[in-house]
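Biologist: Hey, could you walk me through this one? I'd like to get a feel for how the chain is put together.

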Amino acid sequence: MSGYQVDDATVEEIETERATYEPITEATRRLADLCIRSQVDAASTARALEHLQAAIDVLSQDVAEGPYGLRHSRQGPTRPWGNAVVGVRNPVAPPLKVVHETDHVWSDFELSSAYEGPPSLVHGGVSALILDQLLGEAAAAAGSPGMTGTLTVRYRRGTPLGALRAEARVERTEGYKTFAVGQICDAEGVCVEAEGVFILPRWARSEQEQPERFE
Ligand SMILES: CCCCCCCC/C=C\CCCCCCCC(=O)SCCNC(=O)CCNC(=O)[C@H](O)C(C)(C)COP(=O)(O)OP(=O)(O)OC[C@H]1O[C@@H](n2cnc3c(N)ncnc32)[C@H](O)[C@@H]1OP(=O)(O)O
């Protein structure tokens, strides 16, 4: 599958890339929230739009072809930086910082008004998105990476926007299939639960000798 790239980016080069693009990504996230909640008048939005157009003109001067992909450095950390959940260069991503423990993964994160579904609550598709990523990372962290085959989500009660925690762990592995479970909680307890099957695709099975590539 295209999109996996192995390179020799050094830790320093990776940090430079992060420092170059992370601030503009964070500003764009803030912008998304302001598009929803700003109450300035039409003249002010017109002025803001002019500034935005100028920024778009600058950024358009040099654009890579295609999406970012998953870039794995032989010398530094792996960069899933276009990823919709954890991508540090993706303003659509909250982004989650996922902590890998021995037997589970977890993340404390905040969801802004840009993730609203029912009034004041997180969109169900966003909860599924986050759990897909967490369960997938739990599978990869356990040394059995895979594509989502099936994801089952149970919405126990409305998930409030704001501060949340997501956790996931592997339940069992059967050959190329890894069964993972996880949940999203607020301060009151569990809001959403998920279970999923993550399958190492046929095309990737020859790569299984180097599973660290996918972690
Ligand atoms: C190079 C490694 C690849 C892994 C990459 C992971 C990177 C990890 C890195 C960092 C963690 C990041 C975390 C990311 C999280 C997000 C993940 C996503 O959102 S993934 C996007 C959504 N999912 C798809 O687009 C899948 C599309 N479907 C497929 O590609 C195939 O259908 C696939 C891989 C699911 C299965 O196809 P087959 O041909 O490769 O496998 P067959 O040999 O047919 O099946 C193997 C076993 O799995 C069962 N199976 C097949 N499909 C199933 C399904 N949908 N649900 C449950 N079981 C299924 C079969 O019955 C079979 O079981 P029996 O061995 O006979 O017991």
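Modeller: Sure, let's start with the domains. Taken over C-alpha atoms, the centres of domain 1 and domain 2 are 24 Å apart. Domain 1 is 1-83 and domain 2 is 96-214, with bounds from an automatic or database domain assignment.

Biologist: How many residues does each domain put into the contact?

Modeller: Six residues come from domain 1 and five residues from domain 2. Two residues are in contact if their C-beta atoms, placed from the backbone, lie within 7 Å.

Biologist: Which helix gives the most on the domain 1 side?

Modeller: Helix α1 (residues 11-37), with four residues. Helices here are DSSP runs of H or I with at least four residues, strands are runs of E with at least two, and both are numbered from the N terminus.

Biologist: Wait, is this an experimental or a predicted model?

Modeller: This is a predicted model, where local features need pLDDT of at least 70, side-chain atom pairs count only at pLDDT 80 or more, and totals for chains, interfaces and linings use all residues. Residues are numbered from 1 along each chain as its sequence is written. The protein averages a pLDDT of 95, and 95% of the residues score at least 70; pLDDT is the predictor's confidence in each residue, from 0 to 100.

Biologist: What's the pattern along the sequence?

Modeller: Going along the sequence, you get β-α-α-β-β-β-α-β-β-β-β. That comes to three helices and eight strands.

Biologist: New topic: which residues touch the most other members in the largest nonpolar core?

Modeller: I130, L131, L134, L135, A138 and A139, out of 30 residues in that core. A nonpolar core is a set of buried Ala, Val, Leu, Ile, Met, Phe, Trp, Tyr and Cys residues joined through C-beta atoms within 7 Å. Buried means 20 or more other C-beta atoms lie within 10 Å of a residue's own, with C-beta atoms placed from the backbone.

Biologist: And which element gives the most to this core?

Modeller: That's α3, with nine residues. Elements supplying at least two residues each include α3 (124-141), β6 (162-174) and β7 (177-186).

Biologist: What does L135 touch?

Modeller: Leaving out residues up to four places away in sequence, L135 touches A168, A180, G182, A194, G196 and F198.

Biologist: Last one: what does UniProt list for 122-190?

Modeller: The unreviewed UniProt entry lists "domain: Thioesterase" there. UniProt positions use the numbering used here, feature names are shortened, and annotations may be inferred rather than shown by experiment. In the model, that span is 26% helix and 49% strand.

Terms used. Buried ≥ 20, exposed ≤ 12 C-beta atoms within 10 Å, placed from the backbone.
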